[in-house]
Amino acid sequence: MFPLPQPMRAALDAARDAALAGEVPVGAVVVRDGEIVAVAANAPRALRDPTAHAEMLAIRAAAQALGRDRLEDCDLWVTLEPCTMCAGAISHARIARLFYGAPDAKGGAVEHGARFFVQPTCHHRPELFAGIGEREAAGLLRDFFAARR
């Protein structure tokens, strides 16, 4: 087994931070030219904002850091398959490549559900790479929800 790429390790660290804060453990990282531009963890409860998914927060932070709304030269690394809202934001931001860990059969919109990026109304489709860090990401989610049952 190969070591995880540094951006996915950073996303997993953010997901762990989210779990410690009582949020669903999802982390996201935006990378440009091999450098991390933004890291975010899920925070809808803390921010009292249903749109405060890790992907949304990381994209917003990267856009602010880079001073632009288009992130066409950036990659997004996230621990969980993005939902429809986040897939829409990824498309609007023109993210070049999307790397994600665990699939989400219930709420995902990349390989499940809406399959956003294959819809004819999708204006931009990132390159997709699934399953990177899947075991660790799925384990964080499984442990988080098991502790709440």
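This report describes strand pairing, a helix, salt bridges and aromatic contacts in a predicted model.

## Strands

Strand E1 takes part in two pairings, and both are antiparallel: E1 and E2 pair over 6 bridges, while 5 bridges join E1 to E3. Alanine 28 can be followed through both of these pairings, since alanine 28 stands opposite alanine 40 in E2 and has valine 78 as its bridge partner in E3. E1 and E2 form a hairpin with 2 residues between them, and in that turn aspartate 33 has a positive phi of about 50°.

E3 also pairs with E4, in this case in the parallel sense and over 5 bridges; within this pairing, leucine 80 stands opposite alanine 102 in E4. How much of E3 is buried? The count is 7 of the 7 residues, so E3 is largely enclosed by the rest of the structure.

## Helix H3

Helix H3 has 13 residues and reaches 18 Å from its first C-alpha to its last, which is close to the 18 Å expected at 1.5 Å a residue. Its buried residues are Ala54, Glu55, Met56, Leu57, Ala58, Ile59, Ala62 and Ala63. What covers these buried residues includes the strands E1, E2 and E3, together with helix H2 (44-47) and helix H4 (84-93). Just after H3, glycine 67 takes a positive phi of about 70°.

## Salt bridges

Side chains of opposite charge can pair when their charged atoms come close. In this model the count comes to 7 salt bridges, and the table gives three examples.

| Basic residue | Acidic residue | N to O distance |
|---|---|---|
| Arginine 16 | Aspartate 13 | 2.9 Å |
| Arginine 32 | Aspartate 73 | 2.7 Å |
| Arginine 68 | Glutamate 72 | 3.4 Å |

The salt bridge between arginine 16 and aspartate 13 is local to one element, as both residues lie in helix H1 (residues 6-20), 3 residues apart, or about one turn of the helix. Arginine 16 counts as partly exposed at 36% relative accessibility, and aspartate 13 is likewise partly exposed, with a relative accessible area of 43%.

Which parts of the structure does the pair of arginine 32 and aspartate 73 tie together? The closest N and O atoms of arginine 32 and aspartate 73 are 2.7 Å apart. Arginine 32 lies in strand E1 (residues 27-32) and aspartate 73 in the loop between helix H3 (54-66) and strand E3 (74-80), so the pair ties together parts that are 41 residues apart in sequence. Arginine 32 counts as partly exposed at 30% relative accessibility, and aspartate 73 counts as partly exposed at 28%.

In the salt bridge between glutamate 72 and arginine 68, the closest N and O atoms are 3.4 Å apart. Glutamate 72 is partly exposed, with a relative accessible area of 44%, and arginine 68 is partly exposed, with a relative accessible area of 24%. Salt bridges that share partners join Arg32, Arg68, Glu72 and Asp73 into one network.

## Aromatic rings

A pair of aromatic rings is described by the distance of the centres and the angle of the planes. The count for this model comes to 4 aromatic pairs. Are the rings of tryptophan 77 and phenylalanine 99 stacked or edge-to-face? Their centres are 3.9 Å apart and their planes lie at 5°, so the pair is stacked. This pair links distant parts of the chain, with tryptophan 77 in strand E3 and phenylalanine 99 in strand E4 (residues 97-102), 22 residues apart. Tryptophan 77 counts as buried at 8% relative accessibility, and phenylalanine 99 counts as buried at 10%.

The rings of phenylalanine 116 and phenylalanine 117 have their centres 5.7 Å apart and their planes at 85°, so this pair is edge-to-face. Phenylalanine 116 and phenylalanine 117 are both buried. Elsewhere, ring pairs link Trp77, Phe99 and Phe129 into a cluster.

An aromatic ring also meets a charged group: the charged end of arginine 148 sits over the ring of phenylalanine 144, 3.6 Å from the centre of that ring.

Terms used: Residues numbered from 1 in each chain as written. Predicted model: local features only at pLDDT ≥ 70, side-chain atom pairs only at ≥ 80, totals over all residues. Heavy atoms only, no water. Salt bridge = Lys/Arg side-chain N within 4 Å of Asp/Glu carboxyl O. Helix = DSSP H or I, 4+ residues; strand = E, 2+ residues; numbered from the N terminus. Buried < 20%, exposed > 50% of the residue type's maximum accessible area, 1.4 Å probe, protein only. Expected span 1.5 Å × (residues − 1). Contact = heavy atoms within 4.5 Å. Phe/Tyr/Trp six-rings, centres within 6.5 Å; stacked < 30°, edge-to-face > 60°. Lys NZ or Arg CZ within 6 Å of the ring centre and 35° of its normal. Pairing = 2+ DSSP bridges.
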